[in-house]
Amino acid sequence: MSTVLITGANRGIGLEFVKQYARDGWKVHACCRNPDKASELNTVQGDVFIHALDVTDHAAIVSLASDLAEPIDILVVNAGVGGRGEGDFGDYNYDVWKSVLDVNVYGSVATAEAFAPHVKNAKGKIAFISSKMGSIGDASGGAIAYRTSKTALNMAGKVVAAALAGEGVAVSIFHPGWVETDMGGPNALIKPDESVKGLRALIDQSPVTPSPRLLAYDGAEIPW
Ligand SMILES: NC(=O)c1ccc[n+]([C@@H]2O[C@H](COP(=O)([O-])OP(=O)(O)OC[C@H]3O[C@@H](n4cnc5c(N)ncnc54)[C@H](OP(=O)(O)O)[C@@H]3O)[C@@H](O)[C@H]2O)c1
């Protein structure tokens with residue numbers, strides 16, 4: 001049996017990862033901030049284990065990693081926040097900016113660090129769910145907190161990929177598409193099932209490399 005661990009698993013793209021892997025018979029470690037309030041996650045059928053995890057709590061990440069002494073084939077680093085309240089140029093809210101970096105960058109990297117030994121044991125894969133909005137080549141404007149957090153995550157993902165390539169771990173960095181979730185909103189172009197179906201296929205094929213590319217859910221390459 002294969003094992004996957006997913007952060008931000010109670011709604012949106014993370015919840016869809018849980019549903020699809022569970023449906024396909026995987027053992028799923030589903031991490032979320034408030035398991036008691038994760039009503040939909042709690043109804044997913046299959047080999048699903050739900051864990052409380054706020055990715056800004058690095059001690060909690062390390063503690064969970066220590067409790068789960070088992071190989072992990074795929075680590076989906078998905079938990080993320082938008083930049084609500086970040087403000088516009090001339091009026092940026094630096095507290096909001098820092099809180100976005102805390103989740104999207106430090107939380108993501110801390111998760112990868114803590115679970116890297118489990119993934120190494122499985123010669124497995126780490127997938128960072130980033131965003132096209134972090135692409136410098138593709139940037140339009142606005143959303144400074146969210147964009148910079150994903151730009152930093154892209155660089156961090158490449159650094160982690162270089163650190164783990166020699167260990168046989170494939171690290172990949174993805175844009176999930178504009179997806180209809182709480183974050184993506186009602187005007188989004190695709191539903192979570194399409195995004196996650198595409199992402200899972202790409203994760204399966206992801207190579208061990210010190211220099212991954214930034215790929216959208218449909219395999220399209222996005223400039224850094
Ligand atoms: N939707 C899109 O169009 C889109 C586009 C590009 C990239 N993405 C990326 O895809 C990922 C998933 O987004 P989504 O659309 O599914 O967003 P979402 O519906 O807003 O869900 C975000 C998830 O992250 C969790 N989360 C937030 N802060 C956390 C923390 N400190 N610790 C642990 N979990 C935390 C949330 O948990 P709570 O319920 O506890 O808040 C929730 O489970 C994010 O990294 C996002 O940046 C999304």
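## A walk through the pockets

The residues that line the largest pocket fall into 16 nonpolar, 17 polar and eleven charged. That is a good place to begin in this model, which is a predicted one. The space inside the largest pocket comes to about 1,200 Å³. Its lining is made of 44 residues, and those closest to the centre are Gly80, Val81, Gly82, Thr181 and Met183. If you would like to find the helices involved, look for α1 and α4, each of which gives at least two residues to the lining of the largest pocket.

What sits in the largest pocket? The ligand does. Around the ligand there are 29 residues, and Asn10, Arg11, Arg33, Tyr146 and Thr181 come nearest. You have met Thr181 already, since Thr181 is also among the residues closest to the centre of the largest pocket. The two helices return here as well: α1, covering 12–23, and α4, covering 144–165, each supply at least two residues of the shell around the ligand. Sorted by class, that shell holds twelve nonpolar, twelve polar and five charged residues.

Now let us look at individual atoms. In threonine 181, an N or O atom of the side chain is 2.5 Å from an oxygen atom of the ligand. Valine 55 takes part through its backbone, where an N or O atom lies 2.9 Å from a nitrogen atom of the ligand. Glycine 177 also uses a backbone N or O atom, and here the distance to an oxygen atom of the ligand is 3.4 Å. How much of the ligand does the protein bury? Taken alone, the ligand exposes 890 Å², and 94% of that is buried by the protein.

From here we can move on to the second largest pocket, which contains about 180 Å³ of space. Its lining has 13 residues, and Gln205, Ser206, Pro207, Arg213 and Leu215 lie nearest the centre. Two elements give two or more residues to this lining, namely the strand β6 (170–175) and the helix α5 (192–205). Which of the elements gives the largest share of the lining of the second largest pocket? That is β6, with four residues. By class, the lining of the second largest pocket divides into seven nonpolar residues, five polar residues and one charged residue.

To finish, you might return to the ligand in the largest pocket and find Thr181 once more, one of the residues that come nearest to the ligand.

Methods
Residues numbered from 1 in each chain as written. Predicted model: local features only at pLDDT ≥ 70, side-chain atom pairs only at ≥ 80, totals over all residues. Heavy atoms only, no water. Near = heavy atom within 4 Å. Polar contact = N/O pair within 3.5 Å; in protein donor to acceptor, adjacent residues only side chain to side chain. Areas by Shrake-Rupley, 256 points an atom, 1.4 Å probe, with all protein chains shown as cover. 1 Å grid on protein atoms, 1.4 Å probe; cavity = no way out; pocket = protein on both sides within 12 Å on 5 of 7 lines; lining within 4 Å. Sits in = over half its atoms within 2 Å of the grid points. Nonpolar A, V, L, I, M, F, W, Y, C, P; charged D, E, K, R; others polar. Points joined across faces, edges and corners; volume = space filled by probe spheres on them.
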